[in-house]
Amino acid sequence: MAPVKTRAIAKGTGKNARVAIVRARWNDDVTLALERAALERATENGATVEVFEVAGSFELPAAVALLADSARYDAIVPIGCLIRGDTPHFDVLAHAIARGILDLSVSYPIAIPFGVLTCDTIEQAMARAGGSEGNKGAEFMDAALEMVALRQAVASKSRSSRPRAKAGSRSTR
Ligand code: DLZ
């Protein structure tokens with residue numbers, strides 16, 4: 001039998017998803033443009049969105065954890081932009097933030113994409129925030145909504161494959 005291929009997301013799958021965007025203010029021009037595209041994509045898909053701000057990308061994992069603990073959201077999209085400077089600061093931050101967000105994404109039952117641009121120059125960042133390379137903010141939101149859809153698909157498959165209790169039988173739990 002031919003294998004069945006299923007893509008997790010179809011247009012509109014994010015309908016009714018509750019989404020938080022948390023944006024770092026460092027490199028404001030870039031992060032505001034990313035936020036705009038993410039917001040647009042979420043509303044196009046019927047999600048409801050709340051937007052939060054933090055100072056810099058380093059604060060993003062802590063903010064995501066706080067929002068995740070509230071249990072109010074199906075997806076939390078952190079948005080930041082790191083630009084390489086003259087010191088090793090960029091590498092330290094980039095690795096710590098990526099690790100922090102990865103750990104959260106596998107610890108909470110919530111969609112948490114990696115929404116931080118790591119660029120050598122501001123020009124590279126602007127190119128990815130609505131310039132020649134598109135707007136990664138929309139892609140971050142697509143990734144989040146796709147994970148929400150995947151979670152919903154897995155939950156409904158588990159429900160439908162669970163054996164039903166016989167009438168009159170009592171649960172042992
Ligand atoms: C300090 C700093 C530097 C040098 N560069 C950036 C950057 O390119 N992008 C960014 O989002 N944040 C930067 N920050 C700020 C840190 O993320 C953080 O806000 C501060 O170290 C305070 O914790």
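From the N terminus on, the elements of the protein chain follow the order β-α-β-α-β-α-β-α-β-β-α. The model is a predicted one. In total, the protein chain holds five helices and six strands. It has 173 residues, of which 36% count as buried. Among contacts in the protein chain with a separation of 6 or more, 80% are accounted for by residues 24 or more positions apart.

Two helix pairs were examined. In one pair, helix α2 (residues 60-69) packs with α3 at an angle of about 15°, and the two axes are 9 Å apart. Because angles under 35 degrees count as roughly parallel, α2 is described as roughly parallel to α3. The crossing of these two helices, α2 and α3, is right-handed. On the α2 side, the contact is made by L60, P61, V64, A65 and A68, and on the α3 side by I97, G100, I101 and L104. Sorted by class, the residues of the contact of α2 with α3 comprise eight nonpolar and one polar, with no charged residues.

The other pair consists of helix α1 (residues 28-44) and helix α5 (residues 136-161), whose axes come within 7 Å and cross at roughly 45°. This angle makes α1 oblique to α5. The crossing of α1 and α5 is right-handed. From α1, the residues that make the contact are A33, L34, E35, R36, A37, A38, R41 and A42. From α5, they are K136, G137, A138, F140, M141 and D142. Eight nonpolar, one polar and five charged residues make up the contact of α1 with α5. Charged residues are thus part of the contact of α1 with α5, whereas the contact of α2 with α3 has none.

The surroundings of the ligand were also described. The ligand is surrounded by 15 residues, and the closest are A24, W26, G56, S57 and F58. At least two residues of the shell around the ligand come from each of β3 (75-83) and α3 (89-107). With four residues, β3 gives the most to this shell. Helix α3 therefore appears in two settings: α3 packs with α2, and α3 also supplies residues to the shell around the ligand. By class, the shell around the ligand is made up of eight nonpolar, six polar and one charged residues.

Technical notes
Residues numbered from 1 in each chain as written. Predicted model: local features only at pLDDT ≥ 70, side-chain atom pairs only at ≥ 80, totals over all residues. Axes fitted to C-alpha atoms, helices over the stretch in contact; angles between N-to-C directions. Parallel < 35°, antiparallel > 145°, perpendicular 65-115°, else oblique. Left-handed = near helix turned anticlockwise from the far one by under 90°. Contact = placed C-beta atoms within 7 Å. Nonpolar A, V, L, I, M, F, W, Y, C, P; charged D, E, K, R; others polar. Near = placed C-beta within 6 Å. Buried ≥ 20, exposed ≤ 12 C-beta atoms within 10 Å, placed from the backbone.
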